[in-house]
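Work through the exercises below with the structure in view. Try each task before reading its solution.

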Amino acid sequence: MTLTETERIATTSSARTRRRGTPGARRGWLHIVLIPLALVWMVPLIMTVGLSLMPPDNPATQFFGMLPEVFSFRNYLTIWDQNPILLHLLNSVIITVPSVLLVCLFGSMASFALARLRVPLKALFFGALILALILPMSSIVVATFRILQTMQLYNNLLGLVLVYTALGLPFAVIIIRTSYLAIPLETYEAARLDGASAWQIFWRLYLPLGKPALAVVAIWQTMMSWNDFLLPLVTLGDNNLKPLTLVPLAYRGIYLSQPGALFAILVLISIPVIALFVFVQKYLVNGLAGAIK
């Protein structure tokens, strides 16, 4: 008895499926690998939150030292009473928001110029941006300190905003330029033939189409500006100008008499960034996928 052509195709497809495994089975194995990795990654987060709830008068812990035996919110009340948290939070916002806006604006403009305009020494500029991206932060601290002193911007939030803007531009240009290059060149040429200027093409065409890449840059710049510890420590001497990331310095010491308060302030610093990442992770993934393409 001979098989029909349809039966042969069905049999061959079934055999290939058995050999390769079904998509559901592959996802199952992937989850088996990723879930333990996610749990391992969450250990420091669980320990930080747990120890922030440890009462000052009862430092006993359980579950491998990650959780206190008795839970209490007294550490959060302590840091609220001992520090002007709202002032430090406002300073962090003043530093972060302008730097994000400036990086997105200047980065998108520079990316458009490098992607579509005739710029002399374009390859040299792009290579310099890549070199700036790989430089460690510690290698430029002294130079940054001297420059801010010369410009009379030491102990000034504006100086820190300008430094973060300069540091964020290389990453922004690389990501946004890649997304602009993905836009067909015929679109740019058609707009030029219609009489649009370079500024009009950038503002009305490329900037809206580059929103996913802009979202990636905005998220990355927010995390860098908000979480940074070294530059505020070096460039800000006035306690009233210090951001939230410098508050843990008040609880350092040889004996560390208030470890719960230290972990509590670390939790407060992390909450805005974690909340931002949870709400915009879809845009982050889409933007990175678009930039890679």
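Helices (H or I, at least four residues) and strands (E, at least two) are DSSP runs, numbered from the N terminus. This is a predicted model, where local features need pLDDT of at least 70, side-chain atom pairs count only at pLDDT 80 or more, and totals for chains, interfaces and linings use all residues. Residues are numbered from 1 along each chain as its sequence is written, and side-chain values use heavy atoms, with hydrogens and water left out.

**Exercise 1. Two loop residues**

Task: Find where Leu 121 and Asn 155 lie, and state the sign of phi for each.

Solution:
- Step 1. Leu 121 sits in the loop between helix 4 and helix 5 (122-134).
- Step 2. Its phi is positive, about 55°, although Leu 121 is not a glycine.
- Step 3. Asn 155 sits in the loop between helix 6 (141-150) and helix 7 (157-181).
- Step 4. Asn 155 is not a glycine, yet its phi is positive at about 60°.
- Step 5. Most residues other than glycine have a negative phi.
- Step 6. Now take accessibility: buried means under 20% relative accessible area, exposed over 50%, partly exposed in between (1.4 Å probe, protein chains only). Leu 121 counts as exposed because its relative accessibility is 59%. Asn 155 has 28%, so it is partly exposed.

**Exercise 2. The chain as a whole**

Task: Count the helices and strands, then judge the confidence of the model.

Solution:
- Step 1. The chain has twelve helices and two strands.
- Step 2. Along the sequence the pattern is α-α-β-β-α-α-α-α-α-α-α-α-α-α.
- Step 3. Confidence is given as pLDDT, the predictor's value for each residue, from 0 to 100. The chain mean is 82, and 85% of residues reach 70 or more.
- Step 4. Among the elements, helix 1 (residues 5-20) has the lowest mean pLDDT, 51. Helix 4 (residues 85-116) has the highest, 94.
- Step 5. Where pLDDT is low, predicted coordinates should not be read in detail.
- Step 6. Of the 293 residues, 34% are buried.

**Exercise 3. A helix pair**

Task: Describe how helix 4 packs against helix 10 (residues 211-227).

Solution:
- Step 1. Two packed helices are described by the angle between their axes and the distance between the axes.
- Step 2. Axes are lines fitted to C-alpha atoms, for helices over the stretch in contact, and angles run from 0 to 180 degrees between N-to-C directions.
- Step 3. Here the angle is about 145°, and the axes are 9 Å apart.
- Step 4. Contact means heavy atoms within 4.5 Å. Helix 4 contributes residues including Leu 89, Val 100 and Ser 108. From helix 10 come, among them, Leu 214, Gln 221 and Trp 226.
- Step 5. Sort the contact residues by type. Ala, Val, Leu, Ile, Met, Phe, Trp, Tyr, Cys and Pro count as nonpolar, Asp, Glu, Lys and Arg as charged, and the others, Gly among them, as polar. The contact has nine nonpolar residues, seven polar and no charged.

**Exercise 4. Ser 108 and Gly 210**

Task: Is Ser 108 buried or exposed? Which residues does Ser 108 touch?

Solution:
- Step 1. Ser 108 is placed in helix 4.
- Step 2. Its relative accessibility is 1%, so Ser 108 counts as buried.
- Step 3. Leave out residues up to four places away in sequence. Ser 108 then touches Val 103, Ile 176, Tyr 180, Phe 202, Leu 207 and Leu 214.
- Step 4. Ile 176 also leads to Gly 210: their C-alpha atoms are 6.9 Å apart, with their positions 34 residues apart along the chain.
- Step 5. Gly 210 is in the loop between helix 9 (198-209) and helix 10. At 2% relative accessibility, Gly 210 counts as buried.

**Exercise 5. Neighbours in helix 2**

Task: Compare the surroundings of Val 49 and Gly 50.

Solution:
- Step 1. Val 49 is in helix 2 (residues 23-52), and Gly 50 is placed in helix 2 too.
- Step 2. Val 49 counts as partly exposed at 35% relative accessibility, whereas Gly 50 is buried at 3%.
- Step 3. Val 49 and Leu 266 are 217 residues apart in sequence and 8.7 Å apart from C-alpha to C-alpha.
- Step 4. Gly 50 and Pro 68 are 18 residues apart in sequence, with 6.3 Å between their C-alpha atoms.
- Step 5. Neighbours within four places aside, Gly 50 is in contact with Met 66, Leu 67 and Pro 68.
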